[in-house]
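Trainee: I'd like to learn how to read a few features off a model. Could you walk me through them?

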Amino acid sequence: MGMLAIAPLHAATCSLSVQPLAFGNYDFQSSQDLESVGHVIVTCDVSSSFTIALSPGNGSFAVRSMQNGAHQLFYNLYTDPTRTMVWGDGSGGSTVVGDSGIEVDRAVYGSVPAGQNPYIGVYNDAITVTLSF
């Protein structure tokens, strides 16, 4: 009878870091959307499969909203550079991002639609990033 050695299973340990989007100055007279790119970086001690979900922040997945007091500036976050797939939690027409590896850098594509006439000031929103592995 032979001996069978089984290595113990090692649960992955993963961490998340985020490089936020900064849109800069919005020109209400421009006919072009204001675009920016941020990054979500996942680092695991062993190669692992994972998903990354983003919250809607202020607003919804259909249209997120940056705030300046009672004033709003609409925008959204996308999984693709053509900005067609809204990055969310899988609800409301949004999608989550799945990947695998030891260190993975996923770009977050943002866009503020042209044609808005916001109140002058600084606008921001807070998005919760959820890593599941």
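Mentor: Sure. Let's start with burial: a residue counts as buried when its relative accessible area is under 20%. This is a predicted model, and in it Tyr-75 has 5% relative accessibility, so Tyr-75 is buried.

Trainee: And Phe-23, is that residue buried or exposed?

Mentor: Phe-23 has a relative accessible area of 15%, so that ring residue is buried.

Trainee: How do I read a pair of aromatic rings?

Mentor: You describe the pair by how far apart the centres are and by the angle of the planes. Here the count is 1 aromatic pair. It joins Phe-23 and Tyr-75: the ring centres are 6.1 Å apart and the planes sit at 65°, so the pair is edge-to-face. The two residues come from distant parts of the chain, 52 residues apart. Phe-23 is in the loop between strand S1 (14-19) and strand S2 (34-54), while Tyr-75 is in strand S4.

Trainee: Which residues have the most contacts inside the largest nonpolar core?

Mentor: Those are Val-42, Ile-52, Met-66 and Val-112, in a core of 21 residues. S2, S4 and S5 are the elements that give two or more residues to this core, and the largest share, 7 residues, comes from S2. Take Met-66: leaving out residues up to four places away in sequence, its contacts include Phe-23, Tyr-75, Val-112 and Tyr-123. There's also a second, separate core of 5 residues, with Phe-61, Val-86, Ala-107 and Tyr-109 among them.

Trainee: What about empty space?

Mentor: The idea is to roll a probe the size of a water molecule over the atoms and see where empty space is left. In this model the largest pocket holds about 700 Å³ of space. Its lining has 32 residues, and Leu-21, Phe-23, Met-66, Tyr-123 and Asn-124 lie nearest the centre. S1, S2, S4 and S5 each supply at least two residues of that lining, with S2 giving the most, 5 residues.

Trainee: One last case: where is Arg-83, and what does its side chain reach?

Mentor: Arg-83 is in the loop between strand S4 (71-78) and strand S5 (97-112). Its side chain reaches the backbone oxygen of Gly-110 at 3.0 Å. Not counting residues up to four places away in sequence, Arg-83 also touches others, including Glu-35, Ser-36, Tyr-78 and Tyr-109. Try the burial rule on this one: the relative accessible area is 14%, so Arg-83 is buried.

Key: Residues are numbered from 1 along each chain as its sequence is written. This is a predicted model: local features need pLDDT of at least 70, side-chain atom pairs count only at pLDDT 80 or more; totals for chains, interfaces and linings use all residues. Side-chain values use heavy atoms; hydrogens and water are left out. Helices (H or I, at least four residues) and strands (E, at least two) are DSSP runs, numbered from the N terminus. Buried means under 20% relative accessible area, exposed over 50%, partly exposed in between (1.4 Å probe, protein chains only). A polar contact is a pair of N or O atoms within 3.5 Å; within protein, one must be able to donate a hydrogen and the other to accept it, and residues adjacent in sequence count only if both atoms are side-chain atoms. Contact means heavy atoms within 4.5 Å. Rings of Phe, Tyr and Trp (its six-membered ring) pair if their centres lie within 6.5 Å; planes under 30 degrees apart count as stacked, over 60 as edge-to-face and the rest as tilted. A nonpolar core is a set of buried Ala, Val, Leu, Ile, Met, Phe, Trp, Tyr and Cys residues joined through side-chain atoms within 4.5 Å. On a 1 Å grid over the protein atoms alone, a cavity is a set of points where a 1.4 Å probe fits but cannot get out, and a pocket is an open set with protein on both sides within 12 Å along at least five of seven lines; lining residues have an atom within 4 Å of a point. Grid points are joined across faces, edges and corners, and a volume is the space filled by probe spheres set on the points.
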